[in-house]
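These are my notes from one sitting with the model, set down in the order in which I looked things up.

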Amino acid sequence: MTENRYLTIRALTKYIKRKFDADPYLKDVYVKGEISNFKQHSSGHMYFTLKDENARILSVMFSSANRSMKFSPENGMNVLVRGDVSVFESSGQYQLYVKEMQPDGIGELFLAYEQLKAKLEKEGLFDAARKRKLPMYPKAIGVITSPTGAAVRDIITTIQRRYPIGKVLVIPALVQGQQSAASIVEAIEKANQMEGLDVLIVGRGGGSIEELWSFNEEAVARAIYQSALPVISAVGHETDFTIADFVADMRAPTPTGAAELAVPHIEEIIERVMNLQMRLARVMRQQVDARKKELDNLQRSYAFRNPMKLYEQKMEEVDRLTERLIREKNILFASFQDQLKNMESRLQRSHPSGKLDQHKEKYKHLNRWLQKYIQDIYKEKVQALNQSISTLKAMNPLNIMERGYSVAYNEKQEVIKSTAQVSEGDHIRLHLKDGRLVCSIENIEEESEHERN
């Protein structure tokens, strides 16, 4: 057996993953189960486990797939999902990569509606105390709706008939489709920036819950809540209730009813120039059709047949590495804090004030020792001086003179120590303790050696 027969773990895992990806029965798998261990990463990706009474499977739903969902998944929720089964190479685990999800047993839109309604009601967006009164005589009325729908015609007709002196400003917005919520929010913000408007009518004609869903979006509800202008909601028919109706300052059962609430009376209506709107709509449709054809061509190209497979696993790996980075950052930060505490402790022990105190004590000790040493030397020198003075006194010739001795000098001022230094007739001086005597030598008597001894 040669070593070439052994596979690396990575090679084996890649082989298994390709088997999964090539199996047609593992693509577009429809599964139902209960959500557990649900977690939504900061990147928007959802990680959870789908389980039933006997088994479970790890599942991932990337942000590109879940951003269009109308409801928020929760632990314990039974769901119906569609996706692909594949292998995550880093861990070697097989997972369900979810493309679509909806609640099991209850409509997705109805569940999302109830969840958002409960959330906003808890936050106080529906409180009657915060709702503002409508102006009695508005000079200008802003209408946010589709410029081509029946609702705008009913509103304009009613306002012109009931209140001809009022100015109507239509702020076009998409009221149906994926981009409609953003279009309505933008129109509300734009209306609040305009000068002269007194009240806003936001709405559209009736339709199914899917068609009216723009007015159940959280972004639209918060835009109405934050509007500085009073808002009348006019969505659907008499029995249709949307989130926008609960947040608005006033709800009208129909667009016509909204116009009647907004103004006291109107008799005439100014015709809008529909040809320009139709031309604009036609140009927009042509542009949309052209872009759709370009999009279809791109989607049929090889690079866009299955682009998600190229980076799905990298996105999941980025999420896990991000969590690891945060975890290791916290560990490193804690380590640095410990090092800082140790350094602070060492600094306190080596603080100059402590060294200064030690040197002060040493200085005092040395100063006391120096003072004592100087005093000892001083005593020793004084004692030596006294001793020298005593010696000098003992050797002082004047002290000898006190006892009757004298010193003799010849005429040359030399001390006479011998008779050989003088002759008869010489004059000498005798120095006594209290003066001098001048004498003449009359006779010299020398002593014999025997007498000297």
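What share of the contacts in the protein chain with a separation of 6 or more comes from residues 24 or more positions apart? I found that such pairs account for 64% of those contacts. I note at the outset that the model is predicted, and I read the entries below with that in mind.

**Whole chain.** I counted 13 helices and 13 strands in the protein chain. Of its 453 residues, 30% are buried, and the surface that the chain exposes comes to about 31300 Å², with carbon and sulfur atoms supplying 53% of that area.

**Largest pocket.** I turned next to the largest pocket, which holds about 930 Å³ of space. Its lining is made of 28 residues, and those closest to the centre of the pocket are Ser68, Met69, Lys70, Trp213 and Glu217. When I asked which elements give two or more residues to this lining, I got strand 1 (29–40), helix 3 (108–123) and helix 5 (180–193); the largest share, 6 residues, is that of helix 3. By residue class, I listed 10 nonpolar, 10 polar and 8 charged residues in the lining. I also checked the lining against the domain assignment, and found that domain 1 (9–104) and domain 2 (128–264) each contribute at least three residues to it.

**Helix 8.** For helix 8, which spans residues 255–262, I wrote down Pro255, Gly257, Ala258, Ala259 and Ala262 as the buried residues. I then looked up what these buried residues pack against, and the partners are strand 6 (140–145), helix 4 (150–162), strand 8 (199–204) and strand 9 (231–235).

**Positive phi.** Most residues other than glycine have a negative phi, so I looked for exceptions to that rule. Asp28 is one of them, with a positive phi of about 55 degrees; I placed Asp28 in the loop between helix 1 (9–22) and strand 1. Is Asp28 buried, partly exposed or exposed? Its relative accessibility is 38%, and because buried means under 20% and exposed means over 50%, Asp28 counts as partly exposed. Gln413 also has a positive phi, near 60 degrees, and is not a glycine. I located Gln413 in the loop between strand 11 (407–409) and strand 12 (427–432), where its relative accessibility of 46% makes it, too, partly exposed.

**Two pairs across the sequence.** I first took Lys14, which is found in helix 1. Its C-alpha atom is separated by 6.8 Å from that of Glu89, although the two residues are 75 residues apart along the chain. Lys14 has a relative accessibility of 27%, and therefore counts as partly exposed.

The other pair is Glu442 and Glu424, which are 18 residues apart in sequence, with a C-alpha to C-alpha distance of 5.4 Å. Where does Glu442 lie? I found Glu442 in the loop between strand 13 (435–440) and helix 13 (449–452). Why does Glu442 count as exposed? Its relative accessibility is 71%, and the cut-off for exposed is over 50%, so Glu442 falls in that class.

Terms used:
Residues numbered from 1 in each chain as written. Predicted model: local features only at pLDDT ≥ 70, side-chain atom pairs only at ≥ 80, totals over all residues. Heavy atoms only, no water. Helix = DSSP H or I, 4+ residues; strand = E, 2+ residues; numbered from the N terminus. Buried < 20%, exposed > 50% of the residue type's maximum accessible area, 1.4 Å probe, protein only. Contact = heavy atoms within 4.5 Å. Areas by Shrake-Rupley, 256 points an atom, 1.4 Å probe, with all protein chains shown as cover. 1 Å grid on protein atoms, 1.4 Å probe; cavity = no way out; pocket = protein on both sides within 12 Å on 5 of 7 lines; lining within 4 Å. Points joined across faces, edges and corners; volume = space filled by probe spheres on them. Nonpolar A, V, L, I, M, F, W, Y, C, P; charged D, E, K, R; others polar. Domains from an automatic or database assignment.
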